[in-house]
Structure formats: structure tokens, C-alpha cells
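New to this one? Take a moment to look it over, then read on for a quick tour.

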Amino acid sequence: MAALTLTCTITACKKFLTVEPVDRLTGNNFYLSINDVEANVANMYSMFFDKINEGWIIGGIGEARSGEIFVSPGANNEAARRVVEVLGENDLWAAMDPSAPWEWYHYERVTNWTRYYQVIQTANILIDKLEEGIPGVGETDKNRYLAEATFMRCFTYWWMVRLYGDVVYYTDPYNAESLPREPMVEVLNKCIADLTPHKDNLPWTFADPAQKGARASRGSVIALLMHMNMWNAGFDRNNREAYYRQVAALGTELIQSNAYRLYPLTEEGWGTVMKGRSDESLFEFYRSINYGDNNAALAPFGDHFLRWPYKFPRFNNQISHCYFIDTYMAKLYPTGIADKRADFWFEDMLSNSGQFVAAKFAFNVYASGNEDANPDNTFLIFRYADAILLHAEALAELSRDNEAIASLNMIRERAEATPYSGSGGQDLRDFIFWERCRELFGEGHRYFDLVRTQRIMNSAFARNPLNSDQYNRRAWTWPIDQSARNNNPRIVLNEYWLTR
Amino acid sequence: MNNLINTFNMKTVYLLLWMCGCLISVQAYAQTNITVTGNVIDENRQPLGGVTVLSGQPLRALGTTDENGNFRFSVPAGATLVFRIIGYQERSMSAGNGRTSLRIQLAPDASALEEVVIRGYQKRSKELSTGSSFTLGEKDLPDVPVANIETLLQGRVPGMNTQLNTGAPGFRGSTQIRGLSTVSMTGTGDQSFLQPTSPLYVIDGIPMDADRATEYGFQQQGPGISPLSMIPQEDIASIEILKDAQATSLYGSMAAYGAIIITTKRGNSPIPRVRYTHNSFVRTPPKLRETLGGNLERQLKLQQIYENAQDYFDIWRISSEAYFLSDSLNAYWNNSTNWQDYYYRTQYNQSHNLHIDGGDQLFNYKANVGYFSDQGIIKNTGFTRYNANLRMEYQPEDRRFQVIGAAFAQIGKQSVGDGVGMLQTGVASNGLSSTLLPPPSFYQSGGSHASALNTSNNNATRLIRTNLEGSYQFIEGLRASTSVSYEFESKTEDTFTPAAANNQFARVYAYNGRTTQLYNRNSLNYSTTLNENHNLFLNFFNEFRIAGRQSAISRQERSPNDQLQGPLGFDGFSSRGGGLLNDYTDERAASFAFAASYDFKKKYVVDLSYRLDGSSANGFENLYARNPAIGLRWNFDKESFLEPLEWLDYGALRLSWGVNIIPTGTLERIYGRFDITGNYNGQQGIGLNFDQIPNPELAPKTNTQYNLGLDFSLFSGKLEVIYDTYYKRVENELFEQLLPNTTGFTKLFSNGAGIANYGHELFLMIRPLRLNSDFSLSFSVNGAYNKDVLLTLPEHYGGQFIRWENDVNNHFQHVILRVGGSTLANYLRLNDGVYTTDGDVPVDPVTGLRYQTNGEYFKGGDPILRDLNGDYLLDGNDYARTGNSQPLFTGGASILLTYKGFSFNLNGSFTGRRTILNNALAQRMGLMGNPFGYQAVVPLDDVDMWRQPGDVATYPYAYDYRRYGTIQPFRFDQDLWAEDGSYFKINNIVIGYMFERDWIRRWGLANLRVYVSGENLHTFSAYSGPNPENVTNMGRDVSSGYPVPRTYNVGLNVEF
């Protein structure tokens, strides 16, 4: 009897003592429904996007550092735009100089990795909660969200590896430890092992067209796995064959799924790709003015290569801020070889002046006539064409030249360009590299391709090559902000950047 | 349980039978009743009214004495009368053998053992209490008008360290029982404060959170009126301070830092009694900073420039920039303004208190109506309190039922000007203005001056609390009671800053908050005696509490003009909004406690108690904190081998152990906080707030305390001793750890820190005179030694954590926590004196360069700052651990001397061995840093300062203003300012005279007493600053603090 009374009292008290906070959302009353998971996932994507939106990031990290971009004479804010040339000399300290005219480009923000780790913590905690079980989340949904969160975690590590080299790696939720950096090859191998089991838990494509491309699908996972393998193939050269075989297998799986397609290079077709949510998109950060999404004016790559009539208002957008040097453009799209991309994606390609237009990025919709912003600019990360070319590259490295050429020619065919008919071997590999540069122009891949293939040390491929000493000391990384050492003596900063 | 019920039933039957027997025997005696009359007087031969007279077996109250101490009752012949009143020893006298007229003198409660203590809301005999506690009665509170009753406890209780570190009216100082309980600091620089760890206050059985007003340190929003300032001192009957965990564990988590139990007066007089108390008092500011006025200032500044100028440019600056020095004939600059005089004042105040009570055991009532005003010694500040307290008790003859109802209504009004009460930064900086400047006027309305004097600040706290208590005794010894209380407190703050004080635009700020508390306690207790030797007391109770808080502010920049303070909100820019603040609280607590006490012949006592504390703030998994305690007591005077000792009144040995658990995990700390932020792909995002990492393993803070005590009294109360020694360990102290950015989070609340406190407490009371002498003298002295040691820190700190002070304005006075040492030490540069000549400066043998800092070489007259790493460069590495900001010794002494109607009472308190950083002196000497600036200059004649090569001095040369930027001779971050803050303070002296009753009766008065008293009269200290007590609890003497005034009072106490 006494026990019963006590039990009743304790139960009643538990009810009495349980007060749902009405003024704030604490962890105990979150993760209670599938809606909470959706909201948390949205937050995770938007946090990552914040890092891309910090400045002219895609261009700064992925395109400018090999030295082909120059400031148009007479560009507005010309002094500040010169940062692209500073980046092109790989003088990152100067690019981050707070007293320089380009101070407002804020490249020092790239060196701070806190936000990336916030994405990782969010993913880790979400995974932990999903494994504990969240009411209303069935087995299929649970596996799908697990795969999506794992994808975002690995994607973030891969992104950081490309920026900083070695990084701190952990997957446990609420990690509060002071960890040292781990070798990047190991980090990516862990990520590959982490992500691979989740691949088949994501759908190829979504029933809801609004999620296509914008949210991680099986295609996103495959693209990321291919990229991670390709990166490691470049740095873990003893095991490169294995990595290439992985990429070849993944690429074949992707192509054979027929879940994705290449759009024709017409205004409508390419416009759809650039707007996002297309069948060609494997992964992107979808942005829409209809959702009130706010892109920093500086953030889109195309911002620096558009002028009136692609950019408004006319009076201060007479010329593009920057241009790609003609020697490089000529190398990309040699005259005499048919290639619709050269005509459709560019204007005054060889002008060496502000007349240069990368019309590839001009297919955005302005909110009104006088907008110097790109409100509807979706940030493409992985495109079907990118994966096909990685497939070709891996096959070529494995000397499966015919298969490689078949994949390569899928891209050339869409571009209405002359199919590749040259020899195999190194010629083919180099051609595939250039094809990646042609196809993925401005999408933030070129510099990382140069680095992982070591072509960054070759002036035939990069206008501003690194020497082998610089390459070995990782001059291709970014410095890591001093704050990383706060409360963590085990962090060693990037050695190359310690001496100015 | 069933067995227990059976036992009860059997006992009931026995009891009924036994009671019937008693009734029969009473009837038998009733046939030979006699009438007994008599008179009861006190130790001063004054009649004692309200004394309860009891008789019979069991004792039954016959009635009480009238106001003249007379009584008249009819009792059986030979009956024994027992006379009982609180505060006096009980006496019994038999009324047989023809003695029908009695004269009884009651002696005051000399023996502390007769006192009643309160444990777990139950009255218990002190003789049986095993914990460490200390009681102050109504008479122990001196007649000094105070806003906050805590002031009166200073130096009275061994082990309780009260420091009046602010003189701001209506605010509280700091109170610590048995040392440091936290390492959490809030704020920066001079405004660093230890997280308050205040004892729990229980007022008439209702627990109250004394830190409520200071939840966010002292810079909280809303009126900072301490809830303790709302209790009128005239209404207090007794205060009991519980110190060890055995005594406090029944009060649970909230009492982890000790408990202070305040009982207000209750009615006890058959005829209504009216008592009026009046105080007229003057508060005077302490000695203010000396400044040189008018031409003296000008001459000193000019001379300073002439003597120390580096080149002609400095001289030229006198005429090109410093017009106030060169243009001495200009009336505008030709002044000698005493700026401090515009802010500080001597203030006359009054208090009135009317106390009405009446009734007897059956029904009694009390009403207390009061007014107290304390307008501060800084202009535009002050505190006023109005109170009306009411209490009624009803207990029918058979004492089965008891009903108590009480209502308290208090209004506190306060103004802090433009300061925040504890700090008056505006006043402090204005007080330093150059005397050459014209005095304040509308024309010369320096914004800050107008702000300090004309900001209209009106804070009000209105509090209503009612409680109702009922109890019923089922059978003898078994009593159930229940108590319900509701408290509502409304807090408002209105601040209007006139245009002149805010860049020509008036500003309005309003705060509006409320807190509520619904409290319920139900208890069941049972006491019994078996075989006359074994006494058992069982007490079970539970408590429920629902506490709520909500507050909102509104702000308006640019109200139309100084006359129009509203309506508010006319545009989006100026209406700065505000809205609900984030201190919204809806907290529920449920606790269950059980206490058992057993004693054998009152000789051996065992106390066991256990309390479960549940709170909605603890999260959902670990709802309950468990507080166990054990206490043992041996009253060795009752041993047969000691009983023959006539000189031993009593003696007891106490031993206790107890644990208090304080939950520190809020929902936010345990589970994290989620914000609605970031949207993606048309989906609103909700994500973690990355300020603090959720810590599901956060453990509650644990206070474990061991206590060993010895009480004894010798020679009929001539010497009383209470000694306690204790060891207190605070584990799992909440520690705010900063995280590496690879975690994504900023900080982690972890459990890594632990502190130990150990010490000794001694209380001595000496009454050297005979009890029946006309003179009575009691002298008491108490002292406590407390040492704190930092036991642990989170592992990765390697045993040391430095709390860096990185803001230039905060003086770089860092705090270091090092395991094994005293917890809070300063981290400063070490000063070894002053270089007497340039040749004394060490030279780097490698480079041949002199010791330097900031690109400047040291020379004669500069401070010798120790080069700790030996690199001949003074930089950020040359810091060392020094000093301890917490006192080692605290205590006090008190003398009470009475002769007939006269009485003299002196109370003093002391604090020993603590380090104070004399920032006031650093600032004062630093005033000489810029002779071109509009700052006052101070005489430095009394300072042991280097003046010429060869001087061996304590303080560096102050007049070479060019070295202030580089050498910084008066930098705050050096231990030159660290001084010993030991002091002995005369808290108060009261001299009173009580008129003879026969005299005043012709005026129709029952009692008349007049007295003069003084408070905060003198502090004896070697400290060179103004007041070693007027410092922050981190030991920094902030010159912008609110000085503690001295008070002179004339008071009157009339009863009719």
C-alpha cells in the first residue's frame, strides 16, 4: 500500500514538475516529429550555405588562384577588384589584408572553420537523435534522414579538406574535446567508409520536384564519393588504382541509373539547369527569390563577369569587373574546333577587357529592372556533367580508354562539339582535364582539379604554377585562423602560411 | 504501514484511558481550591506582562499576567505554578502551605539550551539539536535604523561573513556562510562579481530567495531592491542562522549556502499593547577625496609641465590648447569648484513604526505598520519603505486545532539616479572634474552632470504575501499541519533622462515585472516517549512551490521635450522597443523530507534526515536531488560522573555530516537551445544555438559538510562557549569552459571545478557580574577562520585557469585559479619598489640595453616591475599569482552593559587577512597623467613617492606625465596596489535609558525608552584607501562605488 501511494505521488509529481518552457525551444522538446527533423535539416543546409555566401567564395577558392583572372581596366571599385589578381598570385595574406582596398571581400572569413564544424555538430546530433528514435519518423524516413545527415557531414569534411588540408575529424554528437588535426587522406577514407553504407538509402530522385537537386539524393552521394576518391587518388598515390576503380564503378552506376540527364544547350535548357532543381543537378544550394532567400551580392561567381545587358543598372555596369585572360580562353576553346559552349556561354571571350561576359551565369532573374543583385542564383555544386567527366578521368587513369572516351563524348555531344577522336594515354587524360575546365567553367572545380592532379605545378595548365616545394608544403591550402588554437594547444596551423 | 496504524490505535486507547484518569484526579483536587495572587518582575525589577502561568499535570495554561505583571488565579492547594515567557528562564513555584501571594522574578535566558531552534519548520529544543546554528533574539538586534536587516547581523554570528560593500540604500551587501562556495564570476574588471551564493531566508516558515533582485549579478534590469530590505527590523522576534549541512539539509538545495530563519513577532499581551518606535537619523558621507582647488590646481599643473616637458612643443601647448591653464583672467576658467560637493550630501532621515499586539494563547494578533526613509548620501538616490504586517493566531483551549493567518504588505521605493545603485560611475567621474571649470549650471550643463543629478529614476517594489496555516493534533504527539502562502511582487522602474543629459534628446525607459510564488507545505509529526528514557520525534513534510516571473521593458529615445514624458512610440527609429525580457520563469518545485530524531534521556541524540528535492528546472530525467544528513550529540553534563560538577551548567559534543545538492542543469544547459534560424529551399530552419554545448552529463553541484562542535557553559552562565570546526567540500561546481572552435560551440558548462573550505568558529560569552547585581555586563566575542582551497579544475587546464581581463578599461587585473592554492588569487605584475636612480635599472648583458617596456627604457622613479622571464622586456608574460581576495578571519565583538534603566551596547566586527586592490589610489595617482586634461589634481604630499634620484620610495614618480603612456607607472595590474584589507569596525554604539515605570505611569505610558545610537562609527585599519569594506567581493576598491555612510541617530520607544 505504501509503495502504491508512493508511486502515485511520484508519478503525479513528475507531471507537476514537467514544465514545457513556453519562451524557448530546448533540446528536450525538439526532435519530436518529422517536421522538427525537416526544420533541422533545412537549418543544416542554410548554415553551410552561409560559408559560400560570405563573399566571392566560389570564385576565390576554386577559380582565381591559378592566375587567369584579371581586373577590367576602369571597372567600378577597380582597386578593390584587384584582389582577384592577388589571389592569382596565391598571396593569400595580401588578399586578407584588412587595410587593403579589398578589405570588404573578407577573405579572412575563409580561414575560420567554425561554421563548418557547426554543420558537422548539427549532423552528428541529428544522427544521434535519429538513432535514438524520433516519434513519427518511420524506418524508411529514418534511413533517408540518416543518409542525408551523413552526406552533409562528409560533404563538409571534403569541403574543408580541399581548403585546409588536414582537419579535425569526429562523428560523435556533442563533441567538446580538443582534438588534433588528422591527415586528410585518412579523413576522407573515414568519410568514404561512413557514407558508402548510406548510399542506397537515398532515392535517385524525389517525387517532390521541389527537392530535386536541392536536397541530397543518391546522385549527390555518388558524386561526393567520386570526388573524395579522386582527391585521395591524387594524394594517396600508392593506392590510386583502388580509388580510380571505385570512381569508375560509381560513375557507371550513376550513368546506368538513367536518373539524370544532360539538357541541351539552349536558352531554355541551360536556363533550367542554372535555375536549379533540374535533372542535371546532383547537388546544389537552391536559392529562390520566392522564398525570400538572400544572396550576398558578391557571392555568385558570375557577378564578376557580367555587364549590361546581363546586369543592371546600366550606368554602372557598362563593363564586367573582371575577365579571363585571352591566352587561357583560347586554350580552353581553340578556334576551329566546334564547341557551342564557346559561343553560347561567352561574349567577347578574348577581349582582355571588361567587354568579357560569362553569359553562362546570366540566366538569373532579376527582382526588378534596376537590380545589381542575383536573387535567383542557385549555387551548383555537383552536376551530372561533372560526375561523367570524373568517370571518364578515372577510366582514363585505369587505361580503359574506350570507356573513358565514351563518357567524355557524352559531354562533348551535348556541347555540340567535335567528338574526341585522339589517342589514348596521357593525351586523353590531359584532354579530359581541359574538358573539365571547359564544362565546369566558373563552378569552383578548376583549382581543386589542378591541385589533386598535381597539374598546378605545370605551367602548361596553370598560369601561376606552384613549385614542388610549395606544393609539398601545401601552398594550395588556406591559412587557418589563429582562433583555432584558442583552448586547443593540439592544433598546428598550416605551416606554409606561418611565414609571411 | 498496517502495523504502524495498529500501534497508533493501541496507543490512542491507552492515552484515552490515561487522560480519563487524569480528569478524575483533577476533580478530586478541585474541592480544595485556593486563590493565588502575585506579581512577576524581570531582572531589572520591572513588571513583566504577558507571562503565561501554567499549572496541573499535564500543564495547562491558567492565563497570563497583566501589563503590571500581576495575576490572580484559583488553583488547587499545593499546586505548582509554572511561569513561562519567551526570552526568560522558566520558573515554577508551589502555591501551597498558605503562600497565596507570590513574587516571582524571572531571569533572562542565560542558558542557550533553553532556546528553541527551528529544524525543518518544527520547533525543537536546542538541547537536542545536533547541527551547528546560532540564534539572535530580538534584544540582540541593536537600535540602529537600517534599511536591510542583514546589516545588523554583521560580526554577530561566527562563520557568517557579512560585508557592507555598498552604502546604496535598499541594496544588500554580501553574505557568505563558511567561505567561498563558487568560482563563477560575472562581469569584467571592477565590475567582476562572484555569483551570489546567498543563504536561504525563511521568513515565518516561508522560504524566500534573497538573491531574487540580483539574479544577473548586480547589473540586473529592474529595481534592485533586495527583498530583505522589505522587512522592518522592529517586527523581528528572532533570527536563527543555520550553518552546517545537518541543520540545512531539511531545507534542501536552496539552503546549500546556509539558511537564515527569521521569525516575526506575535501577539502576547492580554490587554492590547501599542508600541511606537521612532528614529531620527543623520547619514553623513565619509571623508571624500582631497583635491587642490582653483589656482593651486593651475599652479601644480603648470609646474608639472615646466619640469617634465620634453620639448618646447609641450610648453607651447599650454597657450595653444590648455586655455584653462593659460587664460587665468578669463572668468570662465577662473573658478574653484568643489565638484564632489555637488553630489554628496549629509542627509536627515526618519523612521516610524507602530506595533499593536494583544491576545493570549487562545487568540492573539499583531499588527505592525511602519515607514522608513533613507535618502542616500549621494544626491538623487534614496530608499523609502512602507509596510503593514498582520498576524493572527487562534488556538482553542484543548490545543487540538491551531490556525494562523498572516498578511504582509510592503512597498519599497528607490532611486538610483543614473547609476545602478552599487556603482555610481557618473557621479564618480564627474567628481573628478577640474576645479577650474565653472560650476554646473544650465549653460554649462555637462551631459554627465545633468545625468547624475537630473535623471529621474523611480523604482518601486510592491509586495504582498499572505499565509495561512492550520494544524490539528489527532492524538497526543501526532500533529498534522498545512500551510499555504501566496506572494505577489510587482516591480517597476521608470527612468526619464532629460534632454540636457542625453545629447539634447530626452529619453524614457520603463521596466515592468512581476514575480509570484505559491507555496504549500504539509507536515505530519509525531513525538513519543517510551519507558521515560527513549524519546522519538518523527517529522515528515512535503513542499510545493510554483514560482513565476515575467518582465518587460519599453524604451523610447527622443521624447518630444523634458515636460512630455509620453505618449511613447511615434516612430520606428526612436521607439527602441524592448518587450518581454528573457527572464520569464515558470518553475515548479516539489520536495519531500523526512526527519527522525531519537534521544536517550536527552543524553545521546541521533538525528537522521533525508530530503528529496524536485524542480522543473532540473530537466526531465534527474528530477530529484537527494539531501541526506546525520547528526549526533552527546550531552556529557548529564553523565553520572560529571553530574557532581557544580560549575558545569551544560556541555555537549556535536558531530554531523550532510549533503546539499544544488541542481545547476537548466533545460538549456542539458539539452541545448534551438533557435528559429536559417531557411532553406522554402523550409524554415530550426537549429542549435551554438553559444553553449548541451551537456547531458551535467551533474548537480554537491556540497558535503562535516561539522564537529563543542558547547559548554560554566559557573551559572558566566562563561559560555560554542566551538565548531568544519570541512566543506564543493564538488561538481559549474564551470564555464571555453571550447576550441572545432567543436562549433563557444562554451561548455561542465562540472570540473571543486573547492574545499575548512575552518574553526568560536563564540565566547562572558557575564562577569553576579546575576542579582544592579549592573549587568555581558561581553561576547566571536571569530571564524576559514581557508578555501581549489581542489580541481577541468582536466585539460592542467591545474590552472587564468581569467584574462582583456579590456584596457578594465585594468588588466586578471584572476587566476590554481589547484592547491586559495581559490581566487590575483594575477598581476610584481612590484619591488621604485628605481632610486637610472643606474639601478638592470641591463641586458647580451644586448647592453636597459630593462624596457613598450619601447621605453626604465629609469629612476619608475616602478620596479619584476621581469619574471628574464628577457629584459616587460610584456604580457610577466604576470604572477599573488594575494587572496577572500578573507581568512572574520568575526566580531559586542559589549552590553546595563545599570538600572541605563544601557550601553557596542558592536564591532572584524575582517582579517584579505587582499584588496587599492584601485582608488591607483586612479588618484593616475590623475596626474595629463596636466592638459580637465581633471582635478590631488595633493600627493602624504604619499611616499619618489621625487628625486636617490629617494627610496614606495610609489613611482607621478609628475612625469610623459611616462604614463609607455612605462605606465600607475598601471592597475601590479601588486603595488595590493594591500592587506584587515580592519576592525565599530559597527554601532547604542546608549539608552529606560524610564522608571512609576514615573511615566502618570503620563499614561507603560514604557518609555530613549536612546542615541551611531552606526559605522569608526574603522581601524592599516589600509590606505577610504574603506576596506567598501570593496567588491573580489576585493577591488572601486572609487565609483557607493560609499558607506556614518549614521547618528536619536530614537524613542513608547509603549502604552
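Helices and strands here are DSSP runs, with at least four residues for a helix (H or I) and at least two for a strand (E), numbered from the N terminus. Keep in mind that this is a predicted model.

Let's start with one residue in chain B. B:V843 sits in the loop that links strand 43 (831-834) to strand 44 (852-853) of that chain. Is B:V843 buried or exposed? The relative accessible area of B:V843 is 42%, so the residue counts as partly exposed, because that label covers values from 20% to 50%.

Leaving aside residues up to four places away in sequence, B:V843 touches B:G848, B:L849, B:R850 and B:Y872. As for B:Y872, 29 residues separate it from B:V843 along the chain, and their C-alpha atoms are 7.4 Å apart.

Now over to chain A, which has 19 helices and 7 strands. Here are some overall values:

| Feature of chain A | Value |
|---|---|
| Box filled by C-alpha atoms, along the principal axes | roughly 95 × 50 × 50 Å |
| Exposed area | about 18,100 Å² |
| Distance between mean positions of positive and negative charges | 2 Å |

The radius of gyration of chain A is 24 Å, which agrees with the value near 23 Å for a compact globule of 500 residues. Of those 500 residues, 61% count as buried. Carbon and sulfur atoms supply 51% of the area that chain A exposes.

What about contacts along the chain? Among those in chain A between residues at least 6 apart in sequence, 70% join residues at least 24 apart. Finally, chain A carries 50 positive and 63 negative charges.

Conventions
Residues are numbered from 1 along each chain as its sequence is written. Chains are lettered from A and ligands numbered from 1 in the order in which they are written. This is a predicted model: local features need pLDDT of at least 70, side-chain atom pairs count only at pLDDT 80 or more; totals for chains, interfaces and linings use all residues. Side-chain values use heavy atoms; hydrogens and water are left out. Buried means under 20% relative accessible area, exposed over 50%, partly exposed in between (1.4 Å probe, protein chains only). Contact means heavy atoms within 4.5 Å. The radius of gyration is taken over C-alpha atoms; the globule rule is 2.2 Å times the number of residues to the power 0.38. Accessible areas come from the Shrake-Rupley method with a 1.4 Å probe; for residues, only the protein chains shown count as cover. Lys and Arg count as positive and Asp and Glu as negative; His and the chain ends are not counted. The place of a charge is taken as NZ of Lys, CZ of Arg, CG of Asp or CD of Glu.
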